[in-house]
Amino acid sequence: MGKPTGFMDYEREDSLTISPKERIQNFNEFHVPLSLEKQRQQGARCMACGVPFCQSGLMIGGMASGCPLNNLVPEWNDFVYTGNWEQAYKRLMKTHCFPEFTSRVCPALCEAACTCNLHGKPVATKENERAIIENAFASGLVKPNPPKVRTGKKVAVVGSGPSGLAAAMQLNKRGHKVTVFERNDRIGGLLRYGIPNMKLEKQVIDRRVALMEAEGIEFVTNANIGVDIPAEQLLKEYDRVVLCCGASNPRDINVPGRDAKGIYFAVDFLKATTKSLLDSNFEDQKFIPAKGKKVMVIGGGDTGNDCVGTSIRLGAASVIQLEMMPKPSETRTPSNPWPQWPRVLKTDYGQEEAIAVFGHDPRVYQTTVTEFIANKKGEVCKAKIVKLQSQKDEKTGRMMMVPVEGTEEVIDVDLVLIAAGFLGSQKYVTDAFKVKTNGRTNVETAEGQYQTSVPNVFTAGDMHRGQSLVVWAIREGRDAARAVDESLMGYTNL
């Protein structure tokens, strides 16, 4: 521990953020990192706790507390403080594959569990992580490191999201020959087309993919396994197959008028926007237009927030965001103590931008849609909404959100984006490989295992655990790689 009083000597300082009205003029990342010297002060704030919950990844109160990757947070925070960036990078990569991704998009479970967070502001661990990896790239520490010995074993990874990339990196490191198949035109999966450019600029992905190619991993795009390429072909040509196809089934809103034009799933809206941006800087017009439209976003999570921010950048006339649940408390409640994940109100970048542009928070709580109304052209033009209240179901005893009589309202909308979450894996993939799924349509394995019901076929990521965070997908990919390696070699050192 470099500076025992650091958490008292220095205040938390975050990276500079470009103002909302300025940053909505483009799709670029909008955080300006601190200088390395100022970042060192942030490293000094780490207390090197006797019980560092920041790196625990324990499930407490139904949510993870601390980093699921068990990153060695106090160790590399100390190296940041002492300016030993090379050692900080080496310690970070002991447990991580892609800190350049999580340091941009992770909600920072480590910081929520930080001991400094108990009575003050947590250590800026997420930004310390970004400083470590970006300094490592800038100073030439990140280099291709292909395995010196190959095992002669071949592994196919289906899906190039964070879990697929993590599994591929680890298995290649072990010496197996890895081929990653991606059904889209570019590598990255959720990272590429599910997360907007202003949160994760895509050259960050390209930089890492180029490194992985230099280390011997083969990437095949426009390869939809189960459609373009039979599952049997992979099972015949490869010793093992790892399914990392994500939770790709969006949850729908089944109400009258759902078939009206102008109603889209959020994932389709976000993908079309990013693809058009990357292909032509929007000149091809192959995105879902929001300019001058009254946009309704249904869903209050990260994806809903991304739809708000994207709609504003595309020139929406107004944005409303419906959330079924009540507005969270602004501070922890007695039933939600540290180090549990704080179930508190969070105003994210999209909502900040809506407040700056339209003068109010776009979120409307305890509200849902009961009907969409179309005009003569079949285009959505209005929506009926109703307030909800929490009520116990007499049959099940569970608390349910039910409509409040007399609170119905009709509002004008002409673009609806459904961001209500995802239901699980896609059937055509699981059918192609004949793997068993559970009641939530996730690929079934034994508890804590990654081997599916089909010999030599493994799974990881959202396809396995359901919709979750990028950091959990990376953890799953790493753990699945370990299981695959052990099945191939009889032991593993991953």
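## Pairing of strands 8 and 18

In this predicted model, Val242 has Phe458 of strand 18 as its bridge partner. The two strands concerned, strand 8 (residues 240–243) and strand 18, run in the parallel sense and are joined over 3 bridges. In general, the strands of a sheet pair through backbone hydrogen bonds, in either a parallel or an antiparallel arrangement.

## The five-stranded sheet

Strands 8 and 18 belong to an open sheet of 5 strands, whose order is 7-6-5-8-18 and whose pairing is parallel. The edges are formed by strand 7 (218–220) and strand 18 (457–459), each of which pairs on one side only. Between neighbouring strands of this sheet the average turn is 20 degrees, with direction ignored.

Helix 9 (residues 162–173) lies across four of these elements: strand 5 (154–158), strand 6 (177–181), strand 7 and strand 8. Relative to strand 6, helix 9 runs at about 165 degrees.

## The surroundings of Arg104

Arg104 is located in helix 6, which spans residues 99–105. The residue is classed as buried because its relative accessible area is 13%, below the cut-off of 20%.

A polar atom of the Arg104 side chain lies 2.9 Å from the backbone oxygen of Glu100. When residues up to four places away in sequence are not counted, Arg104 touches Glu29, Lys126, Arg130, Glu134, Lys199, Leu200 and Val204.

Methods
Residues are numbered from 1 along each chain as its sequence is written. This is a predicted model: local features need pLDDT of at least 70, side-chain atom pairs count only at pLDDT 80 or more; totals for chains, interfaces and linings use all residues. Side-chain values use heavy atoms; hydrogens and water are left out. Two strands pair if DSSP finds at least two bridges between them. Helices (H or I, at least four residues) and strands (E, at least two) are DSSP runs, numbered from the N terminus. Axes are lines fitted to C-alpha atoms, for helices over the stretch in contact, and angles run from 0 to 180 degrees between N-to-C directions. Contact means heavy atoms within 4.5 Å. Buried means under 20% relative accessible area, exposed over 50%, partly exposed in between (1.4 Å probe, protein chains only). A polar contact is a pair of N or O atoms within 3.5 Å; within protein, one must be able to donate a hydrogen and the other to accept it, and residues adjacent in sequence count only if both atoms are side-chain atoms.
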